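These are my notebook entries on one structure. I record what I looked up, entry by entry.

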Number of protein chains: 4
Amino acid sequence: MARVAVVGAAGYIGGELLRLLLGHPEVEAVSAVSSRFAGKRVDGVHPNLRSVTDQTFCSADEVSDCDTVFLSLPHRSAMTQIDTWAGRAKQVIDLTGDFRLDDPGVFEQYYGTSHVAPHLLGDFVPGIPELHRERLRGADRVSMPGCMAMAGILALHPLAVRGLVERSARFDARTGSSGSGATAGEGNLHAERSGAMRVFAPTGHRHEAEIARHTGIPTMMTATGVEAVRGVQTIGHVTLCPGVDLSAVRRAFRESYQDEPFVRLVAHRRGTFRYPEPKILLGSNFCDVGFAHDEKTGRLVVIAALDNLMKGGAGNAVQCMNIRMGRPENLGLTFPGLHPI
Amino acid sequence: MARVAVVGAAGYIGGELLRLLLGHPEVEAVSAVSSRFAGKRVDGVHPNLRSVTDQTFCSADEVSDCDTVFLSLPHRSAMTQIDTWAGRAKQVIDLTGDFRLDDPGVFEQYYGTSHVAPHLLGDFVPGIPELHRERLRGADRVSMPGCMAMAGILALHPLAVRGLVERSARFDARTGSSGSGATAGEGNLHAERSGAMRVFAPTGHRHEAEIARHTGIPTMMTATGVEAVRGVQTIGHVTLCPGVDLSAVRRAFRESYQDEPFVRLVAHRRGTFRYPEPKILLGSNFCDVGFAHDEKTGRLVVIAALDNLMKGGAGNAVQCMNIRMGRPENLGLTFPGLHPI
Amino acid sequence: MARVAVVGAAGYIGGELLRLLLGHPEVEAVSAVSSRFAGKRVDGVHPNLRSVTDQTFCSADEVSDCDTVFLSLPHRSAMTQIDTWAGRAKQVIDLTGDFRLDDPGVFEQYYGTSHVAPHLLGDFVPGIPELHRERLRGADRVSMPGCMAMAGILALHPLAVRGLVERSARFDARTGSSGSGATAGEGNLHAERSGAMRVFAPTGHRHEAEIARHTGIPTMMTATGVEAVRGVQTIGHVTLCPGVDLSAVRRAFRESYQDEPFVRLVAHRRGTFRYPEPKILLGSNFCDVGFAHDEKTGRLVVIAALDNLMKGGAGNAVQCMNIRMGRPENLGLTFPGLHPI
Amino acid sequence: MARVAVVGAAGYIGGELLRLLLGHPEVEAVSAVSSRFAGKRVDGVHPNLRSVTDQTFCSADEVSDCDTVFLSLPHRSAMTQIDTWAGRAKQVIDLTGDFRLDDPGVFEQYYGTSHVAPHLLGDFVPGIPELHRERLRGADRVSMPGCMAMAGILALHPLAVRGLVERSARFDARTGSSGSGATAGEGNLHAERSGAMRVFAPTGHRHEAEIARHTGIPTMMTATGVEAVRGVQTIGHVTLCPGVDLSAVRRAFRESYQDEPFVRLVAHRRGTFRYPEPKILLGSNFCDVGFAHDEKTGRLVVIAALDNLMKGGAGNAVQCMNIRMGRPENLGLTFPGLHPI
């Protein structure tokens with residue numbers, strides 16, 4: 001039985017971590033750290049946890065030794081607090097962007113600031129079970145990928161690693177409003193954000209650097225906020241290498257994901273939900289992946305969908321903790337999603 | 001371990017029954033009966049069940065003896081098929097409106113047709129654990145209440161049974177689009193139904209008769225479809241009897257529900273989610289109940305919210321099955337809901 | 001040709017006033033006053049006005065004499081600034097709550113503060129053309145009703161003035177998020193407000209006092225925020241007086257509204273849009289009114305819908321200005337609304 | 001004053017044509033043709049037209065000579081009915097896909113059927129004022145582009161015609177549900193379509209052929225249905241030719257559109273609505289166009305947004321009629337859109 005702490009527990013990913021960890025059969029205690037809400041009831045901020053917990057938030061100082069600490073903080077906070085938390089927890093799972101890129105130069109380019117702990121970048125194992133399962137079994141430092149990056153990586157990696165596609169990818173990513181976090185701002189006001197198709201990053205979104213890192217394919221991404229609270233979908237446009245046909249593509253995806261507990265191949269001829277779509281994944285840890293081929297041009301469209309707070313955040317982090325604990329990966333993560341919703 | 005069947009398994013409540021029963025630790029086999037989709041894969045209709053089940057729908061004829069059968073059919077179908085299913089299952093849990101009212105005359109008034117099996121009306125125990133738990137322990141015939149009725153009953157019953165309110169109630173009920181079922185029609189087209197505030201039953205909604213039956217209070221209900229897929233909220237307006245003060249109201253709710261696993265009292269002074277709201281209940285079996293008092297007039301507003309497919313349908317039915325099995329009521333029903341969503 | 005000023009022009013009702021007045025054939029100049037955005041472009045705040053105007057916001061000091069000034073300010077600001085604006089404009093149209101109630105005691109009860117200019121309350125004509133057209137023709141001080149009040153008043157007044165209903169009304173009001181204004185707060189964050197059914201005022205909403213004032217019927221209102229940006233719908237429950245039948249009700253509505261340019265009677269037997277629904281009214285100045293009768297109980301449900309920023313705010317104010325100018329009431333207000341939307 | 005007819009007037013684009021033409025200062029009579037609803041009131045289908053018109057739909061036979069007929073029919077119906085309508089109207093404006101492509105082979109490839117009137121393809125002038133204004137002044141046969149094509153063409157054409165970009169474009173298009181028309185189907189059911197990110201055409205969408213035709217640039221498009229009723233947004237990824245810098249791009253857009261009444265350049269550094277977004281365009285005839293440059297790669301992202309029923313359909317058709325009439329292009333098209341919405 002593990003003792004864990006969630007730092008930044010009043011945020012949206014923090015709240016999902018609490019929900020998952022409070023219901024996790026191998027977790028005996030969860031500290032909910034929030035500097036802003038310390039002393040206040042958890043279910044006052046996360047009303048879905050009413051009757052699930054009577055806990056209050058605590059301050060960082062109140063957390064002593066624990067097995068795993070989850071850092072669900074604003075970007076740039078993890079790299080300044082890492083020493084503190086590394087001293088208190090066997091495993092640190094970082095959900096910020098601070099340790100997602102292994103090259104300090106690329107980090108500076110995308111985050112607009114220099115890294116304050118570049119010597120630690122190499123200590124972090126990427127929190128992508130589908131790519132780094134073996135390393136995660138012993139990982140004391142894990143860096144969770146960005147939500148759109150996770151979708152893009154899972155859609156592209158099976159093709160990239162087998163050399164089936166040319167070395168250039170363009171992604172179009174769509175995301176719900178919860179990706180912007182729980183802090184109110186004018187752009188996030190319901191009347192402004194409702195029904196939006198808001199291109200908030202036409203170029204240069206940070207997550208494109210992660211896709212490039214993990215697939216080895218130079219990637220350009222456009223990110224748009226659409227009407228949804230949760231949910232990410234990425235559409236990738238790539239070109240098949242000469243001689244590669246669709247059966248090789250199909251085989252690549254099947255080989256990569258047939259034994260994965262949380263990746264499903266979705267590419268159907270008929271039905272309403274033929275391709276990956278986030279709405280039926282809300283609350284689940286699945287990432288659905290699919291593809292379609294344009295015979296005229298040899299181009300391939302790869303599609304992935306996930307819940308940004310789950311497989312794109314908290315759920316994926318719990319999966320990584322399960323791996324480190326040597327327990328079944330789906331422990332505490334069996335909710336399959338709802339239909340209709 | 002139980003063997004169960006869901007009749008009408010391609011519908012929305014049918015799909016939720018499948019989700020819950022396939023994940024239920026005491027259920028070993030689930031037949032998914034659909035006349036329209038027999039032979040087709042279940043996850044083709046309910047895409048959230050991909051990788052959860054490879055089952056196909058079957059026809060009614062393929063179901064032999066089972067422990068519990070759930071009838072999730074169009075209204076008026078259960079009363080014509082009841083003999084068939086009563087012969088095949090120890091317990092019949094009916095989710096149609098056919099056995100919700102115990103008076104054939106009231107049934108005819110509200111359903112516009114005469115009852116074809118009035119002699120069986122008395123055999124059915126209302127599927128309301130909070131009111132009929134003891135009877136449900138041995139109930140072989142259970143009739144689940146309507147979704148808006150369930151919310152209204154739970155909001156009003158604690159006051160009604162203690163004689164705290166006058167004998168007249170007016171309810172305003174709001175519901176998402178899934179309450180209209182999975183059959184496409186022009187009023188349910190996304191472009192028409194989106195953003196709607198559609199008064200589909202200004203007077204005479206069937207569920208008002210159920211509230212009246214179970215509370216003993218003559219009730220009038222207005223029902224409006226609002227923008228949501230799932231979720232029901234009922235606002236009831238009643239008048240406190242002379243001499244009744246707010247502490248008596250509070251005590252009534254507390255006494256009624258403090259030991260209930262799925263009813264929570266929600267009436268806060270501060271915070272965004274001060275009163276019951278369905279969005280944080282999606283997928284959960286909770287019904288949240290709250291109230292507010294107008295000191296000027298002595299009137300009381302009672303508020304209830306639930307997921308119409310869960311505590312208003314499938315979840316509540318599984319809770320009733322759990323009671324009949326003598327098992328913990330929350331078996332298979334522990335999902336707490338999401339925030340944000 | 002009139003010269004007008006909008007004070008509080010960066011808000012949502014302010015923005016609609018700008019849209020309507022900039023397109024108004026009898027308005028030659030519009031000052032857009034905003035203390036916060038003075039010097040900034042109007043279309044930076046109201047992007048729908050791109051290419052419509054190159055204007056910038058100005059400060060209050062820059063406004064000299066004009067024909068009509070619209071005060072679209074936070075509550076309690078109008079009564080402190082009224083002397084300033086009365087000195088600069090022939091006509092003051094106030095859209096705050098400050099002059100909506102004619103009784104300072106009732107004002108204090110509902111607004112929680114004492115009125116600072118009670119001697120001026122009698123100077124303001126209520127901005128309800130359907131009730132006060134003649135007085136509005138010469139009105140130099142106009143106080144626009146609240147959005148939910150406007151809907152409730154138009155639904156109830158024809159019955160009240162003819163003594164057809166008993167002296168007690170209960171209203172259930174639903175509103176979109178724009179009613180909360182353009183200032184970001186945690187409850188208005190998209191992820192929190194999306195899909196909401198938020199009972200923000202179970203009792204004692206200010207607008208109930210206006211309905212009571214203008215109909216003479218003691219009124220209780222419950223207000224809920226539902227998923228929509230614009231739109232208000234009110235459902236009123238009343239009881240017909242003995243001997244009053246439905247034809248009298250129908251006649252009352254017909255007589256009251258047959259010549260009204262912006263009130264339509266909507267109560268149909270068939271079709272998707274049988275009763276008043278705000279979504280088809282967005283951007284229009286219509287208030288749709290309907291009713292339904294419960295023969296069993298003699299109770300009547302009255303239903304009204306409008307766009308809270310139009311007939312519930314800016315549009316209604318422009319209609320009042322048109323009346324004062326002696327011009328056709330629908331000048332600049334002919335947009336009929338969209339379908340589908 | 002013109003006499004016009006709308007064929008297919010019960011559909012969504014048909015309804016918008018009625019709204020615009022009934023409010024058009026130079027139109028004296030509008031026939032609303034619907035085979036399905038002939039004899040029924042127009043406002044029963046389009047409730048926003050209540051009090052705007054008391055007309056009923058008529059059958060095709062009842063239309064005699066008129067100045068302009070708008071064919072708002074299912075694809076493949078216009079090419080079979082063209083002779084009929086050409087005989088009754090001076091000008092035929094076709095809103096189907098039948099005459100959008102000038103090459104019968106390409107038509108067959110994209111529409112899966114051979115063209116029945118290939119000899120007439122050359123008679124139709126594309127209904128794109130920004131590209132073909134002079135030809136439209138005398139055009140008796142006009143073919144309106146597809147909604148997503150229109151957005152894509154306006155975003156790409158200024159660059160393509162000046163040779164600033166390489167000859168390959170990839171588009172990602174998003175659309176609301178009204179683009180699927182007014183016929184109910186299971187995929188369009190509110191509970192299924194709500195909150196969707198539905199990739200309904202990962203490759204080979206018909207509108208890509210129109211973009212290719214009008215820009216000369218081979219184009220691939222992915223089309224996704226997102227949560228909205230109205231609105232189209234297209235994101236195009238192109239590569240600047242060697243030596244082309246951003247100022248040339250800016251100049252190209254400015255030159256192309258500075259005198260256009262309905263195209264606005266939207267590419268801001270700050271603010272919530274920095275790039276084109278459809279929600280503030282609902283009901284308006286604007287197409288907003290913007291771009292962003294990725295300096296690292298030399299790639300350019302072009303963005304366009306419009307209301308699919310307006311500049312992507314009915315509004316654009318009325319603009320073309322205005323051009324043919326020699327009248328101001330914005331006649332009857334001055335509604336600027338709403339904010340917030």
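**Entry 1: An unusual backbone angle**

I began with C:Arg76, which sits in the loop of chain C between β3 (66-71) and α3 (78-86). The model is predicted, and I keep that in mind throughout. I found that phi of C:Arg76 is near 80°, a positive value in a residue that is not glycine. I noted for comparison that most residues other than glycine have a negative phi. Is C:Arg76 buried, exposed or partly exposed? I counted 16 C-beta neighbours inside 10 Å, so C:Arg76 is classed as partly exposed.

I then turned to chain B. B:Arg76 also has a positive phi, of about 80°, although it is not a glycine. I located B:Arg76 in the loop between β3 (66-71) and α3 (78-86) of chain B. B:Arg76 is partly exposed, because 16 other C-beta atoms lie within 10 Å.

**Entry 2: Cis peptide bonds**

I looked next at the peptide bonds. Most peptide bonds are trans. In chain B, however, a cis peptide bond joins B:His339 and B:Pro340, with omega about -5°. B:Pro340 belongs to the segment after α10 (314-325) of chain B. In chain D, I found a cis bond between D:His339 and D:Pro340, where omega is about -5°. D:Pro340 lies in the segment that follows α10 (314-325) of chain D.

**Entry 3: One helix and its two sides**

I examined helix α3 of chain D, residues 78-86, and found D:Ala78, D:Met79, D:Ile82 and D:Trp85 buried. Viewed down the axis of α3(D), the buried residues fall within an arc of 95°, so they line one face of the helix. On the other side of α3(D), I noted that D:Thr80 and D:Asp83 are exposed. Against what do the buried residues of α3(D) pack? Their partners are β1 (2-7), β3 (66-71) and β4 (89-94) of chain D.

**Entry 4: The nonpolar core**

Which residues touch the most other members of the largest nonpolar core? The core has 454 residues, and the answer is A:Val6, B:Val6, C:Val6 and D:Val6. I followed C:Val6 further, leaving out residues up to four places away in sequence. Among its contacts are C:Leu17, C:Leu18, C:Val30, C:Val33 and C:Phe70.

**Entry 5: Two domains in chain A**

I recorded the domain assignment of chain A: domain 1 covers 2-144 + 313-325, and domain 2 covers 147-306. Their C-alpha centres lie 24 Å apart. The contact takes 17 residues from domain 1 of chain A and 17 residues from domain 2 of chain A. On the domain 1 side, α4 (104-111), α5 (129-136) and α10 (314-325) of chain A each give two or more residues. By class, I list that side as 8 nonpolar, 6 polar and 3 charged residues.

I selected A:Glu108, which is in helix α4 of chain A. A:Glu108 is classed as partly exposed because it has 14 C-beta neighbours inside 10 Å. Setting aside neighbours within four places in sequence, I found A:Glu108 in contact with A:Thr113, A:Ser114 and A:His115. A:Glu108 and A:Val165 are 57 residues apart in sequence, and their C-alpha atoms are 29 Å apart in space.

**Entry 6: Chains D and C**

I superposed chain D on chain C by a rotation of 180° with 0.0 Å of shift along the axis, and the RMSD is 0.0 Å. The two copies are therefore related as by a two-fold rotation axis. In chain D, D:Phe335 comes closest to this axis, at 3.8 Å for its C-alpha. The same surface serves both copies, since 100% of the contact residues of chain D recur in chain C.

I noted that 29 residues of chain D are in contact with 29 residues of chain C. Helix α1 (residues 12-22) of chain D gives the largest share of the chain D side, 3 residues. That side has 13 nonpolar, 12 polar and 4 charged residues.

**Entry 7: Chains C and B**

I repeated the procedure for chain C on chain B: a turn of 180° and a shift of 0.0 Å along the axis give an RMSD of 0.0 Å. The C-alpha of chain C nearest the axis is that of C:Glu227, 2.8 Å from it. Here 38 residues of chain C are in contact with 38 residues of chain B. The largest share of the chain C side, 4 residues, comes from β13(C). I class that side as 16 nonpolar, 11 polar and 11 charged residues.

Methods: Residues numbered from 1 in each chain as written. Chains lettered and ligands numbered in written order. Predicted model: local features only at pLDDT ≥ 70, side-chain atom pairs only at ≥ 80, totals over all residues. Least-squares fit on C-alpha atoms with pLDDT ≥ 70 in both. Contact = placed C-beta atoms within 7 Å. Nonpolar A, V, L, I, M, F, W, Y, C, P; charged D, E, K, R; others polar. Buried ≥ 20, exposed ≤ 12 C-beta atoms within 10 Å, placed from the backbone. Arc of directions from axis to C-beta. Domains from an automatic or database assignment. Core = buried A, V, L, I, M, F, W, Y, C linked by C-beta atoms within 7 Å.
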